[in-house]
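Visitor: Please take me through this model, and give the reason behind each term as you use it.

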Amino acid sequence: MNLNVIVLGPAGSGKSVLTERFLTYLRDRGYSSVAVNLDPASPPRYEAFRDIRDFVKTEEVMDRFQLGINGALLKSVEIAGSYVGRLTVSGYDFVLYDTPGQLELFLFSDFGIDLIERLEGFTAGLFIVDSSRIKDAARFSAMVSQSATVSLMLEIPTLTVFNKVDLHVPGSIEEYRSALESEGVLGEFFESLLRFVEATSMVYRPVLISARNGYRFDDLFSALNELFCTCGDLS
């Protein structure tokens with residue numbers, strides 16, 4: 001059965017590096033694995049089994065429609081909707097789907113929802129967080145709340161993956177909750193937000209990795225399998 005892995009996150013969080021390195025990790029362990037590039041603005045840094053840029057390139061959309069970069073990105077995803085069926089893959093142990101740098105292009109578009117609905121097998125999300133940006137409790141809460149939004153919008157189980165821990169290791173939820181207790185109204189707001197996050201995306205244990213050097217990929221692999229065993233159809 002396919003295990004489809006949707007790699008999501010803000011720009012610069014390390015989605016493409018993770019896709020490249022985790023693809024190698026899986027293949028080295030004997031799993032049939034391929035990657036799909038869903039970013040019309042960026043050529044993949046890995047061997048893409050399917051590539052959205054075979055059908056639409058954002059730089060060409062800019063020229064053709066005389067659009068700025070933001071308008072061209074939106075138009076590219078709109079055009080890509082006609083090719084969703086040619087971007088989905090089945091018949092492999094793992095299929096990694098590397099989403100656009102701008103999270104909202106996938107999360108709030110018909111393209112992203114349509115693609116997920118067409119996937120065969122079990123589908124899970126990896127929400128990639130740049131740990132080097134987590135400097136305090138407020139930023140932690142704001143960042144991981146996006147992971148909860150991903151899980152709710154796409155209706156798939158989602159792991160929160162803290163990348164770049166070679167640069168900075170984030171604290172635990174308990175540490176951040178304690179730090180917010182003395183922040184008055186703002187603290188109460190983020191305390192409520194953390195409870196919401198724990199009940200959605202972080203009900204599955206967070207994973208700390210470094211995609212650049214493959215650090216703790218064994219933990220990521222184990223967490224994905226735990227997710228499958230918890231949510232997947234094992235019949």
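Visitor: What stands opposite I6 in strand 4?

Guide: The residue opposite I6 is Y97, in a predicted model where local features need pLDDT of at least 70 and side-chain atom pairs count only at pLDDT 80 or more, while totals for chains, interfaces and linings use all residues. Residues are numbered from 1 along each chain as its sequence is written, and side-chain values use heavy atoms, with hydrogens and water left out.

Visitor: How do you know that strand 1 and strand 4 pair?

Guide: Strands are DSSP runs of E with at least two residues, helices are runs of H or I with at least four, and both are numbered from the N terminus. Two strands pair if DSSP finds at least two bridges between them; strand 1 and strand 4 have 5, in the parallel sense, so by that definition they are a pair. Strand 1 is also joined to strand 5 by 6 bridges, again parallel, with L3 partnered by F122 and L8 standing opposite F127.

Visitor: What makes strand 1 largely enclosed?

Guide: Buried means under 20% relative accessible area, exposed over 50%, and partly exposed in between, with a 1.4 Å probe and protein chains only. In strand 1, 6 of the 6 residues are buried, so the strand is largely enclosed by the rest of the structure. The burial concerns both directions, since L3, V5 and V7 point one way and N4, I6 and L8 the other.

Visitor: How many residues of strand 5 are buried, and on which sides?

Guide: For strand 5 the count is 9 of the 9 residues, so this strand too is described as largely enclosed. F122, A124, L126, I128 and D130 are buried on one side, and T123, G125, F127 and V129 are buried on the other.

Visitor: Why is the unit of strand 5, helix 6 and strand 6 called right-handed?

Guide: A crossover is right-handed if, with the strands pointing away from the viewer, the path from the first strand over the helix to the second runs clockwise. Strand 5, helix 6 (residues 137-154) and strand 6 make a β-α-β unit of that hand. The two strands pair in the parallel sense over 6 bridges, one of the pairings being D130 with N163 in strand 6.

Visitor: What makes strand 3 and strand 7 edge strands?

Guide: The sheet is open, with 7 strands in the order 3-2-4-1-5-6-7 and parallel pairing. Strand 3 (50-51) and strand 7 (207-208) each pair on one side only, which puts them at the edges. Strand 7 is joined to strand 6 (residues 158-163) by 2 bridges, so the criterion of at least two is met; F162 has L208 as its bridge partner in strand 7.

Visitor: Why are helix 2 and helix 3 called roughly perpendicular?

Guide: Helix 2 (residues 58-65) and helix 3 (residues 69-80) pack at about 105°, with their axes 9 Å apart. Axes are lines fitted to C-alpha atoms, for helices over the stretch in contact, and angles run from 0 to 180 degrees between N-to-C directions. Under 35 degrees counts as roughly parallel, over 145 as roughly antiparallel, 65 to 115 as roughly perpendicular and the rest as oblique, and the helices are therefore roughly perpendicular to each other. T58, V61, M62 and F65 in helix 2 meet I69, A72, L73, K75, S76 and I79 in helix 3, where contact means heavy atoms within 4.5 Å.

Visitor: What is unusual to look at in Q66, and is Q66 buried or exposed?

Guide: Most residues other than glycine have a negative phi. Q66, in the loop between helix 2 and helix 3, has a positive phi of about 55° although it is not a glycine. Its relative accessible area is 67%, and Q66 is therefore exposed. E155 also has a positive phi, near 60°, and is found in the loop between helix 6 and strand 6, where its 70% relative accessibility makes it count as exposed.

Visitor: Is S33 buried or exposed?

Guide: S33, found in strand 2, has a relative accessible area of 4% and is therefore buried. Leaving aside neighbours within four places in sequence, S33 is in contact with L23, L26, R27, Y92 and F94.
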